[in-house]
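Please examine the sequence and the model shown below. The discussion that follows begins with a strand and its neighbours and then turns to a pocket.

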Amino acid sequence: MTESAKAPLLATRSLVKRFGSQVVLADVTLEVPRGRVLAIIGKSGTGKSVLLKCLAGVLVPDGGEVLFEGHPLGATAVDTAPGTETLAAFRRRCSYLFQGNALLDSLTAWENVALPLEQATLLPKTEIHARVREALRRLELETDATRYPSQMSGGMQKRLALARALVTRPEIVLFDEPTAGLDPLRRNAVFALIAHAQREFGFTAVVVTHDLPEALAACDHLALLDQGRIRFSGTPAEFSTTADPVVASFRDSPAALAKNIAALRAGAALSADLG
Amino acid sequence: MLSALGQSSLRIVSEAGDLARFTFRGFYSAVGSRRLGRRLARSVYEQGVRCLPVILIVGVFTGLVLGLQAYHTLNRFGSSGLLGPLVALTLIRELAPVLAALMLVGQAGSALTAEIGIQRNSEQIDALETMGIDPFGFLVAPRLLAALIVFPIMTAFFSLVGLIGGWLSACILLPLAGNVYWASIDNAVKAADVSECMVKAFVFGALTIALCCHNGFNAHRRTGATGARAVSASTTRAVVFSSIAVLAADYLITSLLV
């Protein structure tokens, strides 16, 4: 087995990212297991999307490094310019689903999905046509192929972005809040689709999400980001049993909410009795 | 004060260098960019066809005013026969390239800065990068190449309708003979005048559209403004800087070629 095959597909080592004086990622060391679905969870504003963008090479870290098959992905802010061979190879094998979808609004649904195949591969037209049709069919967007993103609902745009992310049959897919703005049924459907597509194509996935129940059900591995560091990394079973207070507060927040509401209602009933 | 002056100078030099690099990368990325023709055609349509009405309207009114002013001025000296050359040389050597460029910046340049700025803000440019698509080849190259096609054509249209405007003013509304007007233009305008006009059109096209693309592309780097305000600030900046650049470049080219 070669060194690169033994190394984790994607990893970070002491990653640091600042915006001005604000330190968003303080020291993130993380490994993304090959062929698995890793969910990154954490409170809003803890830097989950920033971490994903550093993994994708969209943001240049201020310190530490991102490793793709054991090789540094690109530059840090202090050394050479980005655009290395490793980064180019990584981009050929990776897809990214943006939180805001990032669909090109001047292109139709069909053109958006076909774009990465037309621009970044040498596939013949017939193959591109077949792949785009298949991707749109899977995401139930076949009849909307000629519509522009602005003519679609938020859920349809999300599915279109997902179709574009999967059409290249990537080895790594980075999902930034894939279910943001979706109703519970669609949310479940998206997680089911990710799990199904992952099993079918065998890609490695990193999913940034707030939806803990869905993440626990659909992902093989979880990492909790807290105050710029990875507070927990393990399987859903380990997540459910760990005694770490930060993890526990995150994990038990629905139960805590139910308890608070029950206490509030009991208090209201007591007030009514006294009144 | 000296420190502030020095810092401003350094910033200007740095931005000029950044713009030069951006422009070079924009043109260079056209090499090997896939399906460039389709995007080039769209850019030519947006910069050219959509701007044609405003070019024609401004051109004809410029010619009309020029003809009117020149006729009355030359008539005082009994030289109204020179009206044709005066209108033609003023238009071809100066007004047509400058005014056409300013009109194109106002309409097409501002629109493309806003479009690229919104694409930057909504992460569409980041999305292109993650798909392994060079955003320079995809967004900048077709617009720069289109400018090299559109600006000379629009300048030629401006000159033509300007000459017709001058003729309307001097020969239809005022009593100058039409054959005198056209014959004197034919005698006065040389190939060098047309070359100067075209050189200016090429330079203004590359300069202004590069400035507009650069401002849109870097909308997220604007200090003191984010989101929609950053796009608006970038668009204003692109139009103002492009207008200044056209006039400054016009002086430089004229002083070199005259």
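How many bridges join strand β6 (residues 94–97) of chain A to β7(A), and do the two run parallel or antiparallel? In this predicted model, β6(A) and β7(A) run parallel and are joined by four bridges. Within this pairing, A:Cys94 has A:Ile172 of β7(A) as its bridge partner.

A second neighbour of β7(A) is strand β8 (residues 204–208) of chain A, and the pairing is again parallel, with five bridges. Here A:Ile172 stands opposite A:Thr204 of β8(A). The strands β7(A) and β8(A), together with helix α7 (residues 184–201) of chain A, make a right-handed β-α-β unit.

The burial of β7(A) may be considered next. Five of the five residues of this strand (residues 172–176) are buried, that is, under 20% relative accessible area; β7(A) is therefore largely enclosed by the rest of the structure. The residues of β7(A) point in two directions: A:Ile172, A:Leu174 and A:Asp176 point one way, A:Val173 and A:Phe175 the other way, and all are buried.

Chain B enters the description through the second largest pocket, which has a volume of about 690 Å³. Its lining consists of 21 residues, of which B:Arg11, B:Glu15, B:Ala16, B:Arg237 and B:Phe241 are the closest to the centre. The elements that give two or more residues to this lining are α1 (2–28), α8 (191–217) and α9 (227–257) of chain B. Helix α1(B) provides the largest share, seven residues. Classified by residue type, the lining of this pocket comprises 10 nonpolar, five polar and six charged residues.

Notes. Residues numbered from 1 in each chain as written. Chains lettered and ligands numbered in written order. Predicted model: local features only at pLDDT ≥ 70, side-chain atom pairs only at ≥ 80, totals over all residues. Heavy atoms only, no water. 1 Å grid on protein atoms, 1.4 Å probe; cavity = no way out; pocket = protein on both sides within 12 Å on 5 of 7 lines; lining within 4 Å. Points joined across faces, edges and corners; volume = space filled by probe spheres on them. Nonpolar A, V, L, I, M, F, W, Y, C, P; charged D, E, K, R; others polar. Buried < 20%, exposed > 50% of the residue type's maximum accessible area, 1.4 Å probe, protein only. Pairing = 2+ DSSP bridges. Right-handed = clockwise from strand over helix to strand, strands pointing away.
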